[in-house]
Amino acid sequence: MGNDIKRGSAEMTAAMLISGTIGWFVVMSGQPVSGVVFWRCLFGALTLLVICGVLGLLRPGIITLRTFGIAVFGGVAIVVNWLLLFASYSHATISVATTVYNTQPFMLLVLGALFLGEKITAAKLFWLALAFAGMTAIVQAKPGAGSDAFDGYGLGILMALGAAFFYALAALAAKWLKGTPPHLIALIQVATGMLMLAPMTDFSHPPADAGGWAILVTIGVVHTGLMYVLLYGAIQRLPTHLTGALSFLYPIAAILVDRLAFGHTLQPIQILGAATILLAAAGMNLGWTPRWLRPRALQN
């Protein structure tokens, strides 16, 4: 058990650090967002195809038609999530967009209540209200004095929120696919993305040099194929609370990359809002209950 925890922690840490660097690769690729996501899906699909083949997941009859349909639905949601998140970087910075994106647990909370009959407790409502307060602080920290700057910033916030919503839809689909090999689900998702984006991808302006191609290949192989392997390996080995705790390495890494690579510094009110959102998300993921919301018998 101890070795599983160590290995799972290392895998989860690596997966989150890899995720935290994807914003830099997206910006430096110089490609339109739809193009970046298409190449991510293509190179990710090739990587996951090999992985699924090695794991023996490509044999006939391993999934049903219903399972395949739900996986495709999840694929549409995850691809729209990538499109919105990557597009938000140019409006609200990687730091702000990633922090806002971490409202996903609250989107899933509402969807779970609507479609899975999951109970919303007083503690969950408290964390939801706290996250909303943090979001309000971030929105108020509009950059510059011009209305155009604010409109772009607000659009970035909305895109990041939209990305969080579609991620929650993909997570909801994953809940319906419990017991299905996760690497196979990921393969179906990125293959779905390839088919979705091929008609809108401009193939007449590919990367101009080997460096540009290397960035796209890295996004597909490392940030998609390898990251999925590490993430699912960690989830299988770690208790839920440890998985939730380590997931916060992702926004922290993204904020550091944004600061070091692009010099973007959060304003004090943005730092306060970001810390509030991450605290609320931690409370949700780790199942914390504020003392004043606990039954009296548990307080004594």
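The legends below describe several views of one predicted model.

**View 1. The fold of the chain is built from helices.** In this predicted model, the secondary structure comes to 13 helices and zero strands, so that reading along the sequence gives the pattern α-α-α-α-α-α-α-α-α-α-α-α-α. The radius of gyration of the chain is 20 Å, close to the 19 Å that the globule rule gives for 300 residues, and the chain is therefore as compact as a globular protein of that length. Along its principal axes, the C-alpha trace spans about 60 × 50 × 35 Å.

**View 2. Interior, contacts and surface of the chain.** Of the 300 residues in the chain, 48% are buried. Among the contacts with a separation of 6 or more, 89% join residues that stand 24 or more positions apart in the chain. The accessible surface comes to about 14,500 Å², and carbon and sulfur atoms account for 70% of that area.

**View 3. Charged side chains.** The chain carries 15 positive and 8 negative side chains, and the centres of these two sets are 20 Å apart.

**View 4. The aromatic pair Phe165 and Phe166.** A search of the whole structure finds 13 aromatic pairs. In the pair formed by Phe165 and Phe166, the ring centres lie 5.5 Å apart and the planes meet at 80°, so this pair is edge-to-face. Phe165 counts as partly exposed, with a relative accessibility of 34%, and Phe166 is also partly exposed, with a relative accessible area of 26%.

**View 5. A cluster of aromatic rings.** Ring pairs link Phe38, Trp39, Phe43, Phe203 and Trp213, and these residues together form a cluster.

Conventions: Residues numbered from 1 in each chain as written. Heavy atoms only, no water. Helix = DSSP H or I, 4+ residues; strand = E, 2+ residues; numbered from the N terminus. Rg over C-alpha atoms; globule rule 2.2 N^0.38 Å. Buried < 20%, exposed > 50% of the residue type's maximum accessible area, 1.4 Å probe, protein only. Contact = heavy atoms within 4.5 Å. Areas by Shrake-Rupley, 256 points an atom, 1.4 Å probe, with all protein chains shown as cover. Lys, Arg positive; Asp, Glu negative; His and termini not counted. Charge placed at Lys NZ, Arg CZ, Asp CG, Glu CD. Phe/Tyr/Trp six-rings, centres within 6.5 Å; stacked < 30°, edge-to-face > 60°.
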